Amino acid sequence: MATTGKLDVEVKVKSEAEKFWKSIKDAATTLPKVCSNIYEKIEVVEGDGWSLGSVREIHYGEGMPFGKSRKEKIEEIDESKKKVVYSVIGGDLMEYYKTFKFSIEVIPEGEGSLVKWQCEYEKTSDEVPDPIMGRDTAAENIKDIDAYLLKA
């Protein structure tokens with residue numbers, strides 16, 4: 001079994017790309033509001049929360065399988081492609097993965113958008129499962145944000 005891997009998911013949403021991208025940029029507010037069953041709070045601990053090198057700490061709700069928290073740092077931002085890349089730099093996830101990077105890209109498609117989430121990871125051992133639950137949670141978050149934006 002490989003200790004490195006890649007997972008991705010694509011979700012078609014009805015929200016216009018610029019509107020969805022804005023919600024990604026404001027995820028520290030959006031995610032705890034829209035997905036409160038998963039995210040207790042998200043704090044910006046370094047930077048302004050959206051510039052290169054900014055770090056945020058995610059606090060999960062009770063009983064989440066990802067642990068209690070994680071810290072992630074913005075590694076890349078491409079406003080024209082509506083793409084951001086994060087690397088996880090601390091928290092419970094690091095017990096299982098030596099490296100964990102993920103990206104979110106919002107692509108205009110008709111009146112809506114295609115949202116792509118992708119992660120690349122290196123496990124601490126062969127026994128560690130692939131982060132399929134993380135991918136599935138990302139897909140659910142995307143759908144939940146879309147539903148929220150369509151009501152707003």
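**Exercise 1. How many of the six residues of strand β3 (residues 55-60) are buried?**

Solution. The model is predicted.

- Step 1. Take one face of β3: V55, E57 and H59 are buried.
- Step 2. Take the other face: R56, I58 and Y60 are buried too. Both faces of the strand are covered. In general, side chains of a regular strand alternate between the two faces of the sheet.
- Step 3. Conclude. Six of the six residues are buried, so β3 is largely enclosed by the rest of the structure.

**Exercise 2. Place β3 in its sheet and find its partners.**

Solution.

- Step 1. Read the strand order: β1-β7-β6-β5-β4-β3-β2. The sheet is open, has seven strands and pairs in antiparallel fashion.
- Step 2. Find the edges. They are β1 (4-13) and β2 (39-46), and each pairs on one side only.
- Step 3. Note the turn between neighbours. Ignoring direction, neighbouring strands are turned by 25° against each other on average.
- Step 4. Look at the pair β2 and β3: antiparallel, over six bridges. Here V44 faces R56 in β3.
- Step 5. Look at the pair β3 and β4: antiparallel, over five bridges. E57 stands opposite K71 in β4.
- Step 6. Move on one strand. β4 (residues 69-78) pairs with β5 (residues 83-91) over eight bridges, again antiparallel. I77 sits opposite V84 in β5.

**Exercise 3. Which strands do helices α1 and α3 lie across?**

Solution.

- Step 1. Start with α1 (residues 17-25). It lies across β1, β4, β5, β6 (97-109) and β7 (112-123). Its angle to β6 is about 155°.
- Step 2. Turn to α3. This helix lies across β1, β2 and β7. It runs at about 20° to β1.

**Exercise 4. Decide how helices α2 and α3 are oriented to each other.**

Solution.

- Step 1. Find the axes. Those of α2 (residues 27-34) and α3 (residues 132-151) come within 10 Å and cross at roughly 90°.
- Step 2. Apply the cut-off: 65 to 115 degrees counts as roughly perpendicular. Therefore α2 and α3 are roughly perpendicular to each other.
- Step 3. List the contact. From α2 come T30, L31, K33 and V34; from α3 come N141, D144, I145 and Y148.
- Step 4. Sort by class: four nonpolar, two polar and two charged residues.

**Exercise 5. Is S15 buried or exposed?**

Solution.

- Step 1. Locate S15: the loop between β1 and α1.
- Step 2. Check accessibility. The cut-off for buried is under 20%. S15 has 2% relative accessibility, so it counts as buried.
- Step 3. Name contacts beyond four places in sequence. Among them are F20, E111, L149 and D146.
- Step 4. Look at D146 again. Its side chain and that of S15 are joined by a polar contact of 2.5 Å.

Notes:
Residues are numbered from 1 along each chain as its sequence is written. This is a predicted model: local features need pLDDT of at least 70, side-chain atom pairs count only at pLDDT 80 or more; totals for chains, interfaces and linings use all residues. Side-chain values use heavy atoms; hydrogens and water are left out. Axes are lines fitted to C-alpha atoms, for helices over the stretch in contact, and angles run from 0 to 180 degrees between N-to-C directions. Helices (H or I, at least four residues) and strands (E, at least two) are DSSP runs, numbered from the N terminus. Angles under 35 degrees count as roughly parallel, over 145 as roughly antiparallel, 65 to 115 as roughly perpendicular and the rest as oblique. Contact means heavy atoms within 4.5 Å. Ala, Val, Leu, Ile, Met, Phe, Trp, Tyr, Cys and Pro count as nonpolar, Asp, Glu, Lys and Arg as charged, and the others, Gly among them, as polar. Two strands pair if DSSP finds at least two bridges between them. Buried means under 20% relative accessible area, exposed over 50%, partly exposed in between (1.4 Å probe, protein chains only). A polar contact is a pair of N or O atoms within 3.5 Å; within protein, one must be able to donate a hydrogen and the other to accept it, and residues adjacent in sequence count only if both atoms are side-chain atoms.
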